[in-house]
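Biologist: I should like to understand the reasoning behind the labels given to this structure. Please set each value against its cut-off before drawing a conclusion.

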Amino acid sequence: MPEDRAWQRMLSGRRLDLLNPSPLDIEISDIAHGLARVARWNGQTEGDHAFSVAQHSLLVEDIFRMIVRDATPEHSLAALLHDAPEYVIGDMISPFKATLGDDYKSVERRLQHAIHLRYSLRPELPAALRKQIKRADQIAAFHEATQLAGFDSSEAARFFGRPRGIAPHTIRLVPLPARKAQDAFLQRFEQIEEIIINKTGKL
C-alpha cells in the first residue's frame, strides 16, 4: 500500500508538506493562484463570479491601511497575507471551522508561520497587530455580507460588528474573475515588496 500523502504539488513545482511546511516551499505565485480560486462564503454570493479570498485579502489590506494610519509596509504585508494558508486548505466558513476544532487550527497556524518566515515577517504577529488586522477583517466581512451574501445590516452587525470609522460609500464590491483577482493580488504584493526592499534592502 502507498504511504498516506501529506503534501500537495503546486503549479510552481513545489511540494508543500501540510504537516511540516517549509518556508522554502512557499511561492507567492502559488498563493495568488490558489486564493483567486477559493470562494468566500462557500460561493453563496451575488454576481457572475465568486468573491475570492484573493479579492477579500486585498479588501482587508485596504481597510487596514484606512484604520491604521501609521501602518508599516510589513504590517500591510501581514494584512494582505492574513488568509494565505487558505491557498492550500481552502476557506471554511466559521461555523464549520468550529466543529473541526484544534486540528484545523494547528494546520492553519503551521502554514501561516511558514508563510510569514518566507516573507521575513515574525512567525507569530504581535497581539496588537493581530487585533488591528482582525478588525479590518470584520469590517470587510460586514460589507461582503451585506453587499454580496444576502445579509441585512442588523444581522451582519450581530455577527461582525458595525464598521465604524469607514464611510459606507467608500467600499463597493464587485466580484472579479479569477485571473483578474490573481493579478491584482500579485500586483499589490509586489508593490509592498518593493517598498520593503527600498527601505531595508531585503525581504
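Modeller: Let us begin with Asp 83, which is buried yet has no salt bridge. The model is a predicted one.

Biologist: How do you know that Asp 83 has no salt bridge?

Modeller: A salt bridge requires a side-chain nitrogen of Lys or Arg within 4 Å of a carboxyl oxygen of Asp or Glu. The nearest side chain of opposite charge to Asp 83 is Arg 40, at 4.3 Å. That value does not meet the cut-off of within 4 Å, so the pair is not given the name.

Biologist: Where does Asp 83 lie, and which side chains make a polar contact with the side chain of Asp 83?

Modeller: Asp 83 is in the loop between α3 and α4. Its side chain makes a polar contact with the side chain of His 56 at 3.3 Å, and another with the side chain of His 82 at 3.1 Å. Both values satisfy the cut-off, since a polar contact is a pair of N or O atoms within 3.5 Å. Leaving out residues up to four places away in sequence, Asp 83 touches Leu 35, Arg 40, Val 53, His 56 and Ser 57.

Biologist: What makes the pair of Glu 144 and Arg 40 a salt bridge?

Modeller: The closest N and O atoms of Glu 144 and Arg 40 are 2.9 Å apart, and the cut-off is within 4 Å, so the pair qualifies. This pair links distant parts of the chain, with Glu 144 in helix α7 and Arg 40 in the loop between α1 and α2, 104 residues apart.

Biologist: Why are Glu 144 and Arg 40 called buried?

Modeller: Buried means under 20% relative accessible area. Glu 144 has 0% and Arg 40 has 10%, so each counts as buried.

Biologist: How many salt bridges does the structure hold, and which residues are linked in a network?

Modeller: The structure holds seven salt bridges. Glu 61, Asp 62, Arg 65 and Arg 188 are linked in a network of them. Within this group, Arg 188 forms a salt bridge with Glu 61, their closest N and O atoms being 2.9 Å apart. Arg 188 lies in helix α9 and Glu 61 in helix α2, so the pair ties together parts that are 127 residues apart in sequence. Arg 188, at 16%, and Glu 61, at 1%, are both buried because each value is under 20%.

Biologist: Why is α2 described as mostly covered?

Modeller: Of the 15 residues of α2, 12 are buried. Among them are Val 53, His 56, Ser 57 and Glu 61. The buried residues of α2 pack against α1, α3, α4, α7 and α9.

Biologist: How does the reach of α2 agree with what is expected of a helix?

Modeller: Helix α2 covers residues 53–67 and reaches 21 Å from its first C-alpha to its last, close to the expected 21 Å.

Biologist: What makes the pair of Tyr 119 and Phe 189 edge-to-face?

Modeller: The structure holds six aromatic pairs. In the pair of Tyr 119 and Phe 189, the ring centres are 5.1 Å apart and the planes are at 75°. Rings pair if their centres lie within 6.5 Å, and planes over 60 degrees apart count as edge-to-face, so both conditions are met. Tyr 119 lies in the loop between α6 and α7 and Phe 189 in helix α9, so the pair ties together parts that are 70 residues apart in sequence. Tyr 119, at 3%, and Phe 189, at 2%, are buried.

Biologist: What is noted about the phi of Trp 41 and of Ser 120?

Modeller: Trp 41 has a positive phi of about 60° although it is not a glycine, and Ser 120 also has a positive phi of about 60°. Most residues other than glycine have a negative phi.

Biologist: Are Trp 41 and Ser 120 buried or partly exposed?

Modeller: Trp 41, in the loop between α1 and α2, has a relative accessible area of 16% and is therefore buried. Ser 120, in the loop between α6 and α7, has 47%, which lies between 20% and 50%, so Ser 120 counts as partly exposed. Trp 41 also forms one aromatic cluster with Phe 151, Phe 159 and Phe 160.

Notes
Residues numbered from 1 in each chain as written. Predicted model: local features only at pLDDT ≥ 70, side-chain atom pairs only at ≥ 80, totals over all residues. Heavy atoms only, no water. Helix = DSSP H or I, 4+ residues; strand = E, 2+ residues; numbered from the N terminus. Expected span 1.5 Å × (residues − 1). Buried < 20%, exposed > 50% of the residue type's maximum accessible area, 1.4 Å probe, protein only. Contact = heavy atoms within 4.5 Å. Lys, Arg positive; Asp, Glu negative; His and termini not counted. Polar contact = N/O pair within 3.5 Å; in protein donor to acceptor, adjacent residues only side chain to side chain. Phe/Tyr/Trp six-rings, centres within 6.5 Å; stacked < 30°, edge-to-face > 60°.
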